[in-house]
Amino acid sequence: MTTKRTVKYHVPQQGLYVYARSEEGKTELIVLNSTDSEQVLMSNHFKALVNESVEGKEIASGKVIDLRENIVVPARKSVIIEC
């Protein structure tokens with residue numbers, strides 16, 4: 001059985017690296033903060049990566065994330081959201 005996986009990247013901005021992996025209708029949005037300070041990822045920067053999704057679930061905490069809002073990423077941390 002072959003599955004189709006799609007990976008999309010955005011150009012890093014202010015030390016934030018953003019990409020999305022999609023497979024079989026599910027998308028994971030991965031945000032990496034490479035800086036020593038908290039960063040805010042503007043929602044318009046990742047909107048195209050999550051397609052029509054308006055909410056997702058943060059994998060580590062299970063917290064529901066509103067994808068229409070900006071995402072705060074702590075210093076030297078990553079955030080993975082399933083949408």
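Colleague: Two strands count as paired when DSSP finds at least two bridges between them. With that in mind, which strand do three bridges join to strand β5?

Modeller: This is a predicted model, and in it strand β5, residues 55-58, is joined by three bridges to strand β6, residues 64-66. The two strands run antiparallel. Within this pairing, Glu55 has Asp66 in β6 as its bridge partner.

Colleague: How many residues lie between the strands of that hairpin, and which residue there takes a positive phi?

Modeller: Five residues lie between β5 and β6, and Gly62 in this hairpin takes a positive phi near 80 degrees.

Colleague: Which other strand does β5 pair with, and over how many bridges?

Modeller: β5 also pairs with strand β8, residues 78-82, over two bridges, again in the antiparallel sense. Here Glu58 has Ile81 in β8 as its bridge partner.

Colleague: Let us stay with Glu58. Is it buried or exposed?

Modeller: Glu58, which lies in strand β5, has a relative accessibility of 19%. It counts as buried because the cut-off is under 20% relative accessible area. Leaving aside neighbours within four places in sequence, Glu58 is in contact with Lys63, Ile65, Val79, Ile80 and Ile81.

Colleague: How far apart in space are Glu58 and Glu28?

Modeller: Their C-alpha atoms are 9.5 Å apart, while 30 residues separate Glu58 and Glu28 in sequence.

Colleague: Now the overall picture, please. How many helices and strands does the secondary structure have?

Modeller: The protein has one helix and eight strands. Read from the N terminus, the order of its elements is β-β-β-β-α-β-β-β-β.

Colleague: What radius of gyration does the protein have, and what would a compact globule have?

Modeller: The protein has 12 Å, which agrees with the value near 12 Å for a compact globule with 83 residues. Along the principal axes, its C-alpha atoms fill a box of roughly 45 × 25 × 25 Å.

Colleague: What percentage of the residues is buried?

Modeller: Buried residues make up 33% of the 83 residues. The accessible surface comes to about 5600 Å², and 49% of it belongs to carbon and sulfur atoms.

Colleague: Turning to the inside, how many residues does the largest nonpolar core have?

Modeller: That core has 16 residues, and Leu29, Phe46 and Ile71 have the most contacts inside it. At least two residues come from each of β2 (16-23), β3 (26-33), β7 (71-73) and β8. β2 supplies the largest share, three residues.

Colleague: What is Leu29 in contact with, apart from its neighbours in sequence?

Modeller: Beyond four places in sequence, the contacts of Leu29 are Val18, Tyr19, Ala20, Phe46, Leu49, Val50, Ile71, Val79, Ile80 and Ile81.

Colleague: And Val31, is that buried or exposed?

Modeller: Val31 is found in strand β3 and counts as buried, with 0% relative accessibility. Outside the residues up to four places away in sequence, Val31 touches Leu16, Tyr17, Val18, Leu41, Val73, Lys77, Ser78 and Val79. The C-alpha atoms of Val31 and Val73 are separated by 7.7 Å, although these residues are 42 apart along the chain.

Colleague: What about a polar residue such as Gln39; which side chain does its own side chain join in a polar contact?

Modeller: The side chain of Gln39 makes a polar contact of 3.3 Å with that of Ser37. Gln39 lies in strand β4, residues 39-41, and its relative accessibility of 14% counts as buried. Past four places in sequence, Gln39 is in contact with Gln14, Leu16, Asn33, Ile71, Val72 and Val73.

Colleague: One last topic, the backbone angles. What is phi of Asn51?

Modeller: Most residues other than glycine have a negative phi. Asn51, however, has a positive phi near 55 degrees. This residue is in the loop between α1 (43-46) and β5, and Asn51 is partly exposed at 46% relative accessible area.

Colleague: And where is Arg76 found?

Modeller: Arg76 is found in the loop between β7 and β8. Its phi is also positive, about 55 degrees, although Arg76 is not a glycine. At 52% relative accessibility, Arg76 counts as exposed, because the cut-off for exposed is over 50%.

Key. Residues numbered from 1 in each chain as written. Predicted model: local features only at pLDDT ≥ 70, side-chain atom pairs only at ≥ 80, totals over all residues. Heavy atoms only, no water. Helix = DSSP H or I, 4+ residues; strand = E, 2+ residues; numbered from the N terminus. Buried < 20%, exposed > 50% of the residue type's maximum accessible area, 1.4 Å probe, protein only. Polar contact = N/O pair within 3.5 Å; in protein donor to acceptor, adjacent residues only side chain to side chain. Contact = heavy atoms within 4.5 Å. Core = buried A, V, L, I, M, F, W, Y, C linked by side-chain atoms within 4.5 Å. Rg over C-alpha atoms; globule rule 2.2 N^0.38 Å. Areas by Shrake-Rupley, 256 points an atom, 1.4 Å probe, with all protein chains shown as cover.
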